[in-house]
Amino acid sequence: MLRVTAGRLWRRLNRIAARAWLSTQVGDNTHDLICFGEGHAAWWVLADMAPGSVAYCGGVGMDATFDFELADKLDLEVHSFDPTPSSIAYMERENRGRVHFHPWGMLDQDSTIRFHAPLNSAHANWFVDNLHNTDEFFEAECWTVGTIMRKLGHDRIDLLKIDIEGSWGRVLSRMLADGIHPHVLCVEFDSPAPLPRVRKTVRALQKAGYELTRRDKENCVFLKS
């Protein structure tokens with residue numbers, strides 16, 4: 001129990017530090033942004049994205065309202081990804097053909113990976129790193145963004161959203177190394193988000209021409225100049 005409490009405190013302190021630093025990196029927002037999705041699943045994107053633009057949404061959890069509204073209201077070609085059993089069941093109930101759903105994980109390698117259980121079995125979030133030192137796991141196929149693009153026949157993506165429980169750094173590092181630069185990039189820095197890792201990732205994005213245009217808690221929206 002002491003180890004669990006210490007882990008929670010460490011993650012909370014890092015979350016607070018990362019939020020404070022990210023606030024200093026937000027640029028002057030002169031872009032026309034619009035919010036889609038509900039509650040914690042809400043994200044801001046460019047209001048004038050062209051119909052048919054390709055959006056990849058990594059991490060569904062139990063709320064794909066953002067994904068659905070991108071398809072319904074902006075007429076984007078939306079592909080959603082999540083290998084978690086509860087998320088697969090959720091999409092089987094709720095999707096109704098609005099987006100293209102793939103039960104794959106996003107990572108920095110093409111491999112079959114273990115996903116470890118959350119501490120609370122009622123939660124839908126599972127982790128590549130065994131964050132809570134739990135015994136239960138499942139295995140699923142994971143692919144890099146570049147491999148997914150080749151599998152789906154895309155030579156570009158216009159929007160990438162990743163809410164993938166701590167694997168954001170690995171995915172973004174590989175994406176940049178592969179020369180892939182979506183115009184709109186939505187990233188949740190969480191689970192966990194140590195400040196040095198957040199700084200390293202954001203600096204790499206800035207070097208690649210991205211500007212942090214909006215931050216809502218851990219949810220950050222970057223635009224490529």
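Q: By class, how many nonpolar, polar and charged residues does the lining of the second largest pocket have?

A: Let's start with the general idea. Rolling a probe the size of a water molecule over the atoms shows where empty space is left. The model here is a predicted one, and in it the lining of the second largest pocket has three nonpolar, three polar and two charged residues.

Q: Which residues line the second largest pocket?

A: You can pick them out in the viewer: G169, L172, S173, L176, R197, K200, T201 and A204. Two elements, α5 (168-177) and α6 (195-207), each give two or more residues to this lining. The volume of the second largest pocket is about 190 Å³.

Q: Could we step back to the whole chain? How many helices and strands does the secondary structure come to?

A: The protein chain has six helices and 12 strands. Of its 225 residues, 53% count as buried. To see how the chain comes together, look at contacts between residues with a separation of 6 or more: 64% of these are accounted for by residues 24 or more positions apart.

Q: In what order do the seven strands of the open sheet come?

A: Here is an idea to keep in mind while you look at a sheet. In a regular strand the side chains alternate between the two faces of the sheet. In this model, the seven strands of the open sheet are arranged as β5-β4-β3-β9-β10-β12-β11, with mixed pairing. At the edges stand β5 (100-102) and β11, each of which pairs on one side only. From one strand to the next, the twist averages 15 degrees.

Q: In which sense do β4 and β5 pair, parallel or antiparallel?

A: Strand β4 (residues 77-81) and β5 pair in the parallel sense, over three bridges. A good place to check this is S80, whose bridge partner in β5 is F101.

Q: What about the other end of the sheet: which way do β11 and β12 run, parallel or antiparallel?

A: Strand β11 (residues 210-216) and β12 run antiparallel and are joined by six bridges. R214 stands opposite V221 in β12. The two strands form a hairpin with two residues between them, and K217 in the turn has a positive phi of about 55 degrees. On the β10 side, five bridges join strand β10 (residues 184-188) to β12, again in an antiparallel arrangement. There, V184 has L223 of β12 as its bridge partner.

Q: Why is strand β12 described as largely enclosed by the rest of the structure?

A: The way to read this is to count the buried residues, those under 20% relative accessible area. In β12 (residues 219-224), five of the six residues are buried, so the strand is largely enclosed by the rest of the structure.

Q: Can the same reading be used for a helix? Which residues of α2 are buried?

A: Yes, the count works well here. The buried residues of α2 are T65, F66, D67, F68, E69, L70, A71 and L74. That makes eight of the 10 residues, so α2 is largely enclosed by the rest of the structure. As for what covers these buried residues, the elements include β1 (33-36), β2 (43-46), β3, β4, α3 (85-94) and β9 (159-162).

Q: Just ahead of that helix is a loop with G61. Where does G61 lie, and is it buried or exposed?

A: G61 lies in the loop between β3 (54-58) and α2 (65-74). With a relative accessible area of 13%, G61 is buried. Leaving aside neighbours within four places in sequence, G61 is in contact with D82, S87 and Y90. You can also compare sequence and space for a pair: G61 and T84 are 23 residues apart in sequence and 7.7 Å apart in space, C-alpha to C-alpha.

Q: And after the helix, what is the sign of phi at D75?

A: D75 follows α2 and has a positive phi, near 60 degrees, although D75 is not a glycine. Its place is in the loop between α2 and β4. D75 is partly exposed, with a relative accessible area of 49%.

Q: One last residue: where is R96 found, and what is its phi?

A: R96 is found in the loop between α3 and β5. Its phi is positive, about 55 degrees, although R96 is not a glycine. R96 is exposed, with a relative accessible area of 60%.

Note on methods. Residues are numbered from 1 along each chain as its sequence is written. This is a predicted model: local features need pLDDT of at least 70, side-chain atom pairs count only at pLDDT 80 or more; totals for chains, interfaces and linings use all residues. Side-chain values use heavy atoms; hydrogens and water are left out. Buried means under 20% relative accessible area, exposed over 50%, partly exposed in between (1.4 Å probe, protein chains only). Helices (H or I, at least four residues) and strands (E, at least two) are DSSP runs, numbered from the N terminus. Two strands pair if DSSP finds at least two bridges between them. Axes are lines fitted to C-alpha atoms, for helices over the stretch in contact, and angles run from 0 to 180 degrees between N-to-C directions. On a 1 Å grid over the protein atoms alone, a cavity is a set of points where a 1.4 Å probe fits but cannot get out, and a pocket is an open set with protein on both sides within 12 Å along at least five of seven lines; lining residues have an atom within 4 Å of a point. Grid points are joined across faces, edges and corners, and a volume is the space filled by probe spheres set on the points. Ala, Val, Leu, Ile, Met, Phe, Trp, Tyr, Cys and Pro count as nonpolar, Asp, Glu, Lys and Arg as charged, and the others, Gly among them, as polar. Contact means heavy atoms within 4.5 Å.
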